[in-house]
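Here is a short briefing on one protein model. It covers loop backbone angles, internal cavities, the nonpolar core and one buried side chain.

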Amino acid sequence: MNKILTAIFIVIFISGCSIKEVSPPVVTYHLEDNHQAQQQIIGDKILKIARFKSPNFLQSRKIWYQEPSGRIGAYLYSTWNENFTSMVAQSLTDNIFKSGLFKSVYSEYSKMLPDLLLEANIVNAVQNMKKVSFEIRVYVVERKSAALVATKAFIYQETCDSIDAKGAVDAYQKILNKFNKDVILWLKRSVKIN
C-alpha cells in the first residue's frame with residue numbers, strides 16, 4: 001500500500017511541477033540598412049564616426065514605449081538584437097560609406113586619424129503608443145583644429161501601424177531610412193569634402 005501511495009504522490013508531484021505557464025518567445029528585431037548602391041568616391045577627406053551619445057535607457061537592447069501618463073516602459077517579449085544607439089550609428093556609418101562622399105569612413109573603433117569627425121547625440125527615441133519620436137543632434141568637427149564645421153538637429157515623428165513592438169520597429173526603420181538620407185544631403189551641402 002505504501003508503494004502505491006508513494007507512486008501516486010510522485011506522479012502528482014511530477015505532473016504538478018511540469019504544468020507551468022509558458023511565456024511567449026522573445027522576438028528580436030534589427031534595423032536594416034536598405035541602401036544598396038555604392039557610388040563613385042567624390043571626396044578626398046577621411047571621416048570618422050565617433051561613438052554616439054544617448055540617454056542610458058537607449059544604450060540597451062530594450063524597445064521602449066511611453067504611456068499616456070508619461071511613464072516609460074519596455075516591451076517584455078521584444079528586444080533589439082543589439083544596443084539601439086549602436087544600431088543607429090552603424091547604419092549611418094554604412095550609408096555614408098556607400099554614398100562615396102568621403103575617401104574613407106571609419107567607425108568609432110578605428111585607430112585611423114581622420115580629417116573630420118562626426119559626433120552625434122541621440123536626445124530621445126521612444127514610442128508614444130501611436131507614433132515614434134526620434135531626435136538626434138549631429139556635429140562635424142575638423143580634427144586638427146577642433147573647429148566645429150557644421151551642426152544640425154534632426155527631428156522625426158512616424159505613425160505606428162500597430163501599438164506594439166512591431167509597430168515601433170517599423171516606424172523606427174522608416175525614420176532611420178529618412179535620417180540616413182537627410183544626413184548625407186546635409187553633409188553634401190554643409191561640409192567641404194574635397
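## Loops, cavities and core

Met-129 sits in the loop that joins strand 6 and strand 7. The model is a predicted one. Two cavities of 30 Å³ or more are counted in it. The largest nonpolar core holds 49 residues.

**Positive phi in the loops**

- Met-129 has a phi near 60°, a positive value in a residue that is not glycine.
- Met-129 is partly exposed because its relative accessible area is 23%, and the partly exposed class lies between 20% and 50%.
- Ala-146 belongs to the loop between strand 7 and strand 8.
- The phi of Ala-146 is near 65°, again positive in a residue other than glycine.
- Ala-146 has a relative accessible area of 58%, so it counts as exposed, the cut-off being over 50%.

**Largest cavity**

- The volume of the largest cavity is about 40 Å³.
- Its lining consists of Leu-58, Lys-62, Ile-63, Trp-64, Trp-80, Phe-84, Ala-125 and Tyr-172.
- Strand 3 (residues 62-66) is the top contributor to this lining, with three residues.
- By class, the lining of the largest cavity has seven nonpolar residues, one charged residue and no polar ones.

**Second largest cavity**

- The second largest cavity has a volume of about 30 Å³.
- Leu-31, Phe-84, Val-88, Phe-134, Tyr-172, Ile-175 and Leu-176 line the second largest cavity.
- Helix 2 (84-99) and helix 3 (165-190) each give at least two residues to this lining.
- Helix 3 provides the largest share, three residues.
- The lining of the second largest cavity is made up of seven nonpolar residues, with no polar and no charged ones.
- Phe-84 and Tyr-172 line the largest cavity, and Phe-84 and Tyr-172 also line the second largest.

**Nonpolar core**

- Within the 49-residue core, the members that touch the most other members are Phe-52, Phe-84, Ile-96, Leu-118, Phe-134, Phe-179 and Leu-187.
- Two or more core residues come from each of strand 2 (46-49), strand 3, strand 4 (72-80), helix 2, strand 6, strand 7 (131-142), strand 8 (148-159) and helix 3.
- Helix 3 supplies the largest share of this core, twelve residues.
- Leaving out residues up to four places away in sequence, Phe-84 touches Leu-31, Leu-58, Ser-60, Ile-122, Ala-125, Phe-134 and Tyr-172.
- Among these partners of Phe-84, Leu-58, Ala-125 and Tyr-172 line the largest cavity.
- Leu-31, Phe-134 and Tyr-172 are likewise partners of Phe-84, and they line the second largest cavity.

**A buried glutamine**

- Gln-127 lies in strand 6 (residues 116-127).
- Gln-127 is buried because its relative accessibility is 0%, and buried means under 20%.
- A polar atom of the Gln-127 side chain is 3.4 Å from the backbone oxygen of Asp-164.
- Beyond four places in sequence, Gln-127 contacts Trp-64, Tyr-65, Gln-66, Tyr-75, Val-132, Cys-160, Ser-162, Ile-163, Asp-164, Ala-168 and Tyr-172.
- Two of these contacts of Gln-127, Trp-64 and Tyr-172, line the largest cavity.

Definitions and conventions
Residues are numbered from 1 along each chain as its sequence is written. This is a predicted model: local features need pLDDT of at least 70, side-chain atom pairs count only at pLDDT 80 or more; totals for chains, interfaces and linings use all residues. Side-chain values use heavy atoms; hydrogens and water are left out. Helices (H or I, at least four residues) and strands (E, at least two) are DSSP runs, numbered from the N terminus. Buried means under 20% relative accessible area, exposed over 50%, partly exposed in between (1.4 Å probe, protein chains only). A polar contact is a pair of N or O atoms within 3.5 Å; within protein, one must be able to donate a hydrogen and the other to accept it, and residues adjacent in sequence count only if both atoms are side-chain atoms. Contact means heavy atoms within 4.5 Å. On a 1 Å grid over the protein atoms alone, a cavity is a set of points where a 1.4 Å probe fits but cannot get out, and a pocket is an open set with protein on both sides within 12 Å along at least five of seven lines; lining residues have an atom within 4 Å of a point. Grid points are joined across faces, edges and corners, and a volume is the space filled by probe spheres set on the points. Ala, Val, Leu, Ile, Met, Phe, Trp, Tyr, Cys and Pro count as nonpolar, Asp, Glu, Lys and Arg as charged, and the others, Gly among them, as polar. A nonpolar core is a set of buried Ala, Val, Leu, Ile, Met, Phe, Trp, Tyr and Cys residues joined through side-chain atoms within 4.5 Å.
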